[in-house]
Amino acid sequence: MKPMKLTTLAAVAAIAAPGMLWALTEADTDGDGMVSLAELQSVLPMITEEAFTQMDVNADGGLDADEIAMAQSAGLLPANEG
Ligand SMILES: [Ca+2]
Ligand SMILES: [Ca+2]
């Protein structure tokens with residue numbers, strides 16, 4: 001646990017619109033601030049590795065809030081709001 005992570009998460013939460021972080025907050029079970037393929041599949045079992053790779057724009061192995069938002073905009077992820 002590094003203090004930087006909390007700062008980063010706070011910054012992300014401040015930037016992202018409410019409701020856009022469903023996958024990040026609910027699926028990020030190890031709390032590293034990104035949703036891995038395994039974490040994403042735990043909430044969305046239909047997600048394939050191929051789809052995940054498309055969503056992982058910077059190819060770091062996890063989806064951050066921006067990538068999730070983009071995937072939702074592109075229709076690759078359900079918005080799942082309310
Ligand atoms: Ca994670
Ligand atoms: Ca990524």
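This dialogue walks through some features of a predicted model of a protein with two calcium ions.

Colleague: Where do I start, and how many helices and strands are there in the protein?

Modeller: Start with the secondary structure. The predicted model has five helices and zero strands, and along the sequence the pattern reads α-α-α-α-α.

Colleague: What share of the residues of the protein counts as buried?

Modeller: Of the 82 residues, 33% count as buried. The accessible surface comes to about 5100 Å², and carbon and sulfur atoms make up 62% of that surface.

Colleague: And which share of the contacts joins residues 24 or more positions apart?

Modeller: Among contacts with a separation of 6 or more, such pairs account for 40%.

Colleague: Now the metals. Which residues are the protein donors of the calcium ion (ligand 1)?

Modeller: For a metal site, list the donor atoms, then look at their distances and angles. The calcium ion (ligand 1) has side-chain donors from Asp28, Asp30, Asp32 and Glu39, with Glu39 entered twice, and the O atom of Met34. These donors lie 2.2 to 2.6 Å from the ion. Along the chain their spacing is D-x1-D-x1-D-x1-M-x4-E.

Colleague: Are Asp30 and Asp32 buried or exposed?

Modeller: Asp30 has a relative accessible area of 51%, so it is exposed, the limit being over 50%. Asp32 has 32% and therefore counts as partly exposed.

Colleague: What are the donors of the calcium ion (ligand 2)?

Modeller: Here the donors are Asp56 (OD), Asn58 (OD1), Asp60 (OD), Gly62 (O), and Glu67 (OE) listed twice, at 2.2 to 2.5 Å. Their spacing in sequence is D-x1-N-x1-D-x1-G-x4-E.

Colleague: How should I read the angles at a site with six donors?

Modeller: Compare them with the ideal: six octahedral donors have angles of 90 or 180 degrees. The six donor atoms of the calcium ion (ligand 1) give angles of 53 to 155°, and that site is irregular. For the calcium ion (ligand 2) the angles run from 54 to 158°, and the site is irregular.

Colleague: Let me follow one donor. Where is Asp56 found, and is it buried or exposed?

Modeller: Asp56 is in the loop between helix H4 (49-55) and H5. Its relative accessibility is 7%, so Asp56 counts as buried. A polar atom of the Asp56 side chain lies 2.7 Å from the backbone nitrogen of Gly61. Leaving out residues up to four places away in sequence, Asp56 touches Gly61, Gly62, Leu63 and Glu67.

Colleague: Which residues is Glu67 in contact with?

Modeller: Glu67 lies in helix H5 and is buried, with a relative accessible area of 4%. Beyond its neighbours within four places in sequence, Glu67 is in contact with Met55, Asp56, Val57, Asn58, Asp60 and Gly62.

Colleague: How do I read the sides of a helix such as H5, and which of its residues are buried?

Modeller: Mark the buried residues and see how they are arranged around the axis. In H5 (residues 65-73) they are Ala65, Glu67, Ile68, Ala71 and Gln72. They cover an arc of only 165° around the axis, so they sit on the same side of H5. The face turned away from that side carries the exposed residues Asp66 and Ser73.

Colleague: What caps the N-terminal end of H5, and what follows the helix?

Modeller: Asp64 is the cap: one of its side-chain oxygens lies 3.1 Å from the backbone nitrogen of Asp66. After H5 comes Gly75, with a positive phi near 85°.

Colleague: What should I make of a positive phi?

Modeller: Most residues other than glycine have a negative phi. Ala59 is a non-glycine residue with a positive phi, near 55°. Ala59 is in the loop between H4 and H5 and is exposed, with a relative accessible area of 63%.

Colleague: One last residue. Where is Leu37, and what does it touch?

Modeller: Leu37 belongs to helix H3 (residues 37-43). Its relative accessible area of 19% is under the 20% limit, so Leu37 is buried. Aside from residues up to four places away in sequence, Leu37 touches Ile47, Thr48, Glu49 and Phe52. From Leu37 to Ala51 there are 14 residues in sequence and 9.5 Å in space, C-alpha to C-alpha.

Notes. Residues numbered from 1 in each chain as written. Chains lettered and ligands numbered in written order. Predicted model: local features only at pLDDT ≥ 70, side-chain atom pairs only at ≥ 80, totals over all residues. Heavy atoms only, no water. Donors = N, O, S within 2.8 Å, 3.2 Å for Na, K, Ca; no water. Tetrahedral: all angles 85-135°; square planar, octahedral: opposite > 155°, others 65-115°. Buried < 20%, exposed > 50% of the residue type's maximum accessible area, 1.4 Å probe, protein only. Helix = DSSP H or I, 4+ residues; strand = E, 2+ residues; numbered from the N terminus. Arc of directions from axis to C-beta. Polar contact = N/O pair within 3.5 Å; in protein donor to acceptor, adjacent residues only side chain to side chain. Contact = heavy atoms within 4.5 Å. Areas by Shrake-Rupley, 256 points an atom, 1.4 Å probe, with all protein chains shown as cover.
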